[in-house]
Amino acid sequence: MNLKLKIWRQPNASAPGKMVDYQVSDISGDMSFLEMIDVLNEQLIETDEEPVAFDHDCREGICGMCSMYINGEAHGPDRGVTTCQLHMRKFKDGDTIYIEPFRAKGFPVIKDLVVDRSAFDRIMAAGGFVSVNTSGNTMDANAIPIPKPDADEAFDAATCIGCGACVATCKNSSAMLFVSAKVSQLALLPQGKVEAKQRVLSMVEQMDKEGFGNCSNTGACEVECPKGISLSNIARMNREYLSASITGDK
Amino acid sequence: MSKLNSRIPEGPLAEKWTNHKSHINLVNPANKRLIDIIVVGTGLAGGSAAASLAELGYKVKAFCFQDSPRRAHSIAAQGGINAAKNYQNDGDSTYRLFYDTIKGGDYRSREANVYRLAEVSANIIDQCVAQGVPFAREYGGLLDNRSFGGVQVSRTFYAKGQTGQQLLLGAYSAMSRQIGKGNIQMFNRHEMLELVMVDGKARGIIARNLITGEIERHSAHAVVIASGGYGNVFYLSTNAMGSNVTASWKIHKKGAYFANPCFTQIHPTCIPVSGDHQSKLTLMSESLRNDGRIWVPKKKEDVEAIRSGKLRPRDIKEEDRDYYLERRYPAFGNLVPRDVASRAAKERCDAGYGVNATGEAVFLDFSSAIERYGREKAAVEKIDNPSIEKIRDLGKQVIEAKYGNLFQMYEKIVDDNPYETPMKIYPAVHYTMGGIWVDYNLMTTIPGCYAAGEANFSDHGANRLGASALMQGLADGYFVLPYTIGDYLSNDIRTGKISTDLPEFEEAEKSVRERIDFFMNNKGSKSVDHFHKKLGKIMWNEVGMARNAEGLKKAIDDIRALRDEFWKDVKVPGTANSFNPELEKAGRVADFLELGELMALDALTRNESCGGHFREEFQTEEGEAVRDDAHFTYVAAWEYNGDPGKANLYKEELKYENIELKTRSYK
């Protein structure tokens, strides 16, 4: 198929950006979206233009590096996938496709479609862990049985890939789905309960510092999340936060 | 002169590690604060090493080329992690895990290293659970296990098909805690481009800031390379797009020997190539072989009918199917090790039984498992005389709970529903057993330079068993390196900070700048990918699943020619002082073009078939690998001397004192 592309080009963080038109032809439905961008970039290199910069790595939907905003949706029109897993069969010959970076105050553009998501790392460093040293001298892994439903729910929250689609999608640029996924995972497990209060307070504090907005329960993040992280995590985080604020020491 | 001294501790196998730990030198806590360690790579090995070293009190600088340490490619590991916990009471033990790993590696790994790996495996699970890694559990609340290839026990711990993700996020959270405390300084979007040596010791690196293009000097008392494997030399592999050999290759060129480069793992169950546009291949976890049966039609006319779409797989009658793994290897069936399963698939496809248009695919069929689980579930739910539809429905629910994300991935890529029709799969490059040579302490032949995880060669011999990569990465980083590195650093407590103004730093920086300038000014006519794809084809055709002397010689010539062409004609757009992915790729492909030749040379020198290294000249009449223990029970360690094709070979003889060398049989 032949496609028209309108792509955000921005040389660096301080320079202004704009949408630029491109054409690609002979695109097969079996290509992934990023493979289509590969085709465009080969074309640009051939004609001595600078290729479009975009983040990507594993190309199997798990590393969370790819981050395009396609036709007004994070990771494009398909559900439950990242951009690298979006396939061109979702588009038709002659389509015009708008491709932009994830936009949010907390995610400044580095170049073209590449944004800086290190705010997520800083939120994690504020409390997204269990304070246990990696000495190996812990108790036997089966010493504390964990009810399967709790373990499963913790796992579901833990599958967040930290891509930032939730932030890009949210009208408030809120990072609450991301933060609540980690808060929930650890709050649901006995190992994480010990410092649950401190954790939720510190992570939320850092989240606010990074300039992410608040949650107004629109639910768009859940819809666009490639891993189906549930909105109920945000509800859990709010409960944890409230109880920690009342009873915590911070 | 060879520098190979494996430094295997004295004493009985089972006591070596404990004795060694008790007798090596330590660095006291006050002195640790004065010592800097650089860790390159933040996957399971690098991430766990960085976190553990920082917890001990060292000052750690960690580097990754991704935008966050959480994105290292360990994240994509699917099936699970082995540990000799014997929770299933099915006869597992440290010794059995050790034995399975040595045998699975086709008797080409070090006994002492592998035993240590098996010994610390149980601790890994304890550690990860303590960190909040949500492993799969049974209804009683205890941990669940499954089976992987090449073993007859269930010792694999898992988190659906996302075990690597959960373990890496565990290591990343441990790192995050130390980053928050200021004990790890994290350098995201940085790539190591040179090792700096001072007085014969590793003392720092030159790194490029991938956002600004700035060239930076970083000094330390020791450098740990944990940058993963080199499977991307094949262009198409299950590795991430950015996975590369550059860090390993730079230290190799500075004096670290490269061991067994030809030992590459071709994974049997990947989604087949669909066209020339393909940029990477996607793995379908080995865990699927617990429940999936692999087959092709027995009759050529059925093969034709399937390829042309006249028949669907389910139309082929049971007696007309060739479950070739069950036929050839009844004792292990579909759970033979990866090398064996891959070759068997290639054998059927080469014989003309491949089931897709390219003739390079076999079926992985879940229908028997769906029925089996469906009946089980119907019984549990007390449904009398369930219909076959009901049984299949219930069975699908069980399969979804176990492998849901893998089935979804398959469906998105192939546009076919694997719950209804068998998956089509074919072998693809997945892992590299070879890597930087290290001694028992994980130190390379450069003093103060260490290699951990997939980047080193140490534990998997000629073939890695499924679910053992995660085990090795975390063992190296959490439990081995933090001890052994102290022994070396105990001599550095009076050294003080290493200055980056030393002439050695200046010189290393200059060589990095020269190379970058070359790329920017070359004004060639072909993109980096053009050369990478060509290299990949050479490697896959001649240094892939089956190799022979003639093909390997041809590969060496072809790679040399391609390398010349690359330096003459490569075109790198953009500028050096900005975010420039093409420039990053150019440096990586330049290194692959040298490594590829060394791999072919190593494969040519090893006149035997073992594990993932299959030389067509050395096979039985039934096509089984023929090892030559009399001549090749050694680790091939290559020293760089300016030309990868003329590298010097040193041999580390492998001594088997606890296991008898036997022909590997899974029949």
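**Close-ups of the A–B interface and its cysteines**

**View 1. How much area chain B and chain A bury together.** About 6,100 Å² is buried between chain B and chain A, and carbon and sulfur atoms give 52% of that. Keep in mind that this is a predicted model. On the contact side, 76 residues of chain B touch 72 residues of chain A.

**View 2. Polar and charged links across the interface.** There are 46 residue pairs in polar contact between chain B and chain A. The rule also picks out seven salt bridges across this interface. For a single example, look at B:D67 and A:R117, whose side chains pair up in a salt bridge at 3.2 Å, N to O.

**View 3. The helices of chain B that face chain A.** At least two residues each of the side touching chain A come from α3 (44-56), α5 (111-131), α6 (163-180), α12 (388-414) and α13 (469-489) of chain B. The largest share, 10 residues, belongs to α6(B). Sorted by class, this side of chain B holds 29 nonpolar, 30 polar and 17 charged residues.

**View 4. Cysteines without disulfides.** Across all chains, the disulfide count is zero. A:C84 has its closest cysteine sulfur in A:C66, but at 3.9 Å the two sulfurs are too far apart for a bond, since the cut-off is 2.5 Å. A:C84 is also buried, at 6% relative accessible area. Now turn to B:C128: the nearest cysteine sulfur is that of A:C160, 19 Å away, and B:C128 is in no disulfide. B:C128 is buried as well, with a relative accessible area of 0%.

Terms used: Residues numbered from 1 in each chain as written. Chains lettered and ligands numbered in written order. Predicted model: local features only at pLDDT ≥ 70, side-chain atom pairs only at ≥ 80, totals over all residues. Heavy atoms only, no water. Contact = heavy atoms within 4.5 Å. Buried area = accessible area lost by both parts, 1.4 Å probe. Salt bridge = Lys/Arg side-chain N within 4 Å of Asp/Glu carboxyl O. Polar contact = N/O pair within 3.5 Å; in protein donor to acceptor, adjacent residues only side chain to side chain. Helix = DSSP H or I, 4+ residues; strand = E, 2+ residues; numbered from the N terminus. Nonpolar A, V, L, I, M, F, W, Y, C, P; charged D, E, K, R; others polar. Buried < 20%, exposed > 50% of the residue type's maximum accessible area, 1.4 Å probe, protein only.
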